[in-house]
Amino acid sequence: MSDRWVIHLSVVANDLLSAQRLARVVAHWTRVLPQTEPGSTTVSAEDDQNVRHWVFCDRIMPGRGRCQLRPEHDGECSRRPRLR
Ligand SMILES: [Zn+2]
């Protein structure tokens, strides 16, 4: 068995985009915990948890780090989050 686990945390949001935006905020907060992997955060509808939606682009950036923007964002990737 792997030593990796997934925490499922229910939230209230009006739609998928709102849920993804909230998940990005929560994921950024978890960066203080070295056990977490915020870039792998996904959201799903409570009644359809097999369909997961990424909340970060997570593309590997030149040098070091991963893109902090939403999936399918406009423009260039960035290590700095844009909360909108
Ligand atoms: Zn990106």
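**Exercise 1. Decide whether C57 is buried or exposed in this predicted model.**

Step 1. Take the relative accessible area of C57, which is 18%.
Step 2. Recall the cut-off: buried means under 20%.
Step 3. C57 is therefore buried.

**Exercise 2. Classify C77 in the same way.**

Step 1. The relative accessible area of C77 is 21%.
Step 2. Residues between the buried cut-off of 20% and the exposed cut-off of 50% count as partly exposed.
Step 3. C77 is therefore partly exposed.

**Exercise 3. Find the protein donors of the zinc ion and name their arrangement.**

Step 1. List the donors: C57 and C67 through SG, H73 through NE2, and C77 through SG.
Step 2. Read their distances from the zinc ion, which are 2.0 to 2.3 Å.
Step 3. Write the spacing along the chain: C-x9-C-x5-H-x3-C.
Step 4. Place C57 and C77 on the chain. Both lie in the segment after β2, a strand that covers 48-54. They are 20 residues apart, and the pair links distant parts of the chain.
Step 5. Check the angles. The four donor atoms subtend 106 to 113° around the zinc ion. For a tetrahedral site, all angles must lie between 85 and 135 degrees. The arrangement is therefore tetrahedral.

**Exercise 4. Count the salt bridges and say which residues form them.**

Step 1. The count comes to two salt bridges.
Step 2. Take the pair E37 and R4. Their side chains meet at 2.8 Å, N to O. This pair links distant parts of the chain, with the two positions 33 residues apart in numbering. E37 sits in the loop between α1 (16-29) and β1 (42-45), while R4 sits in the segment before α1.
Step 3. Compare accessibility with the cut-offs. E37, at 43%, counts as partly exposed. R4, at 56%, is exposed.
Step 4. Take the pair R66 and D58. Their closest N and O atoms are 3.5 Å apart. R66 is partly exposed, with a relative accessible area of 39%.

**Exercise 5. Describe the backbone at D58 and E72.**

Step 1. Read phi for D58: near 60°, a positive value in a residue other than glycine.
Step 2. Read phi for E72. This angle is also near 60°, again positive in a residue other than glycine.
Step 3. Locate the residues. D58 lies in the segment after β2, and E72 has its place in the segment after β2 too.
Step 4. Add accessibility for E72. At 76%, E72 counts as exposed.

**Exercise 6. Work out what lines the largest pocket.**

Step 1. Start with the volume, about 1300 Å³.
Step 2. Find the residues closest to the centre. Of the 35 lining residues, these are I7, H8, L9, T41 and T42.
Step 3. Sort by element. α1, β1 and β2 each give two or more residues to the lining. The largest share, six residues, comes from α1.
Step 4. Sort by class. The lining has 17 nonpolar, 12 polar and six charged residues.

**Exercise 7. Say where P81 lies and how far its C-alpha atom is from that of R24.**

Step 1. Place P81 in the segment after β2.
Step 2. Check its accessibility. P81 has a relative accessible area of 39% and is partly exposed.
Step 3. Give the separation. The C-alpha atoms of P81 and R24 are separated by 8.7 Å. Along the chain, these residues are 57 residues apart.

Terms used. Residues are numbered from 1 along each chain as its sequence is written. This is a predicted model: local features need pLDDT of at least 70, side-chain atom pairs count only at pLDDT 80 or more; totals for chains, interfaces and linings use all residues. Side-chain values use heavy atoms; hydrogens and water are left out. Donors are N, O and S atoms within 2.8 Å of the metal (3.2 Å for Na, K and Ca); water is not among the atoms, so sites may look incomplete. Four donors count as tetrahedral if all angles lie between 85 and 135 degrees; four count as square planar and six as octahedral if opposite donors are over 155 degrees apart and all others between 65 and 115; anything else is irregular. Helices (H or I, at least four residues) and strands (E, at least two) are DSSP runs, numbered from the N terminus. Buried means under 20% relative accessible area, exposed over 50%, partly exposed in between (1.4 Å probe, protein chains only). A salt bridge is a side-chain nitrogen of Lys or Arg within 4 Å of a carboxyl oxygen of Asp or Glu. On a 1 Å grid over the protein atoms alone, a cavity is a set of points where a 1.4 Å probe fits but cannot get out, and a pocket is an open set with protein on both sides within 12 Å along at least five of seven lines; lining residues have an atom within 4 Å of a point. Grid points are joined across faces, edges and corners, and a volume is the space filled by probe spheres set on the points. Ala, Val, Leu, Ile, Met, Phe, Trp, Tyr, Cys and Pro count as nonpolar, Asp, Glu, Lys and Arg as charged, and the others, Gly among them, as polar.
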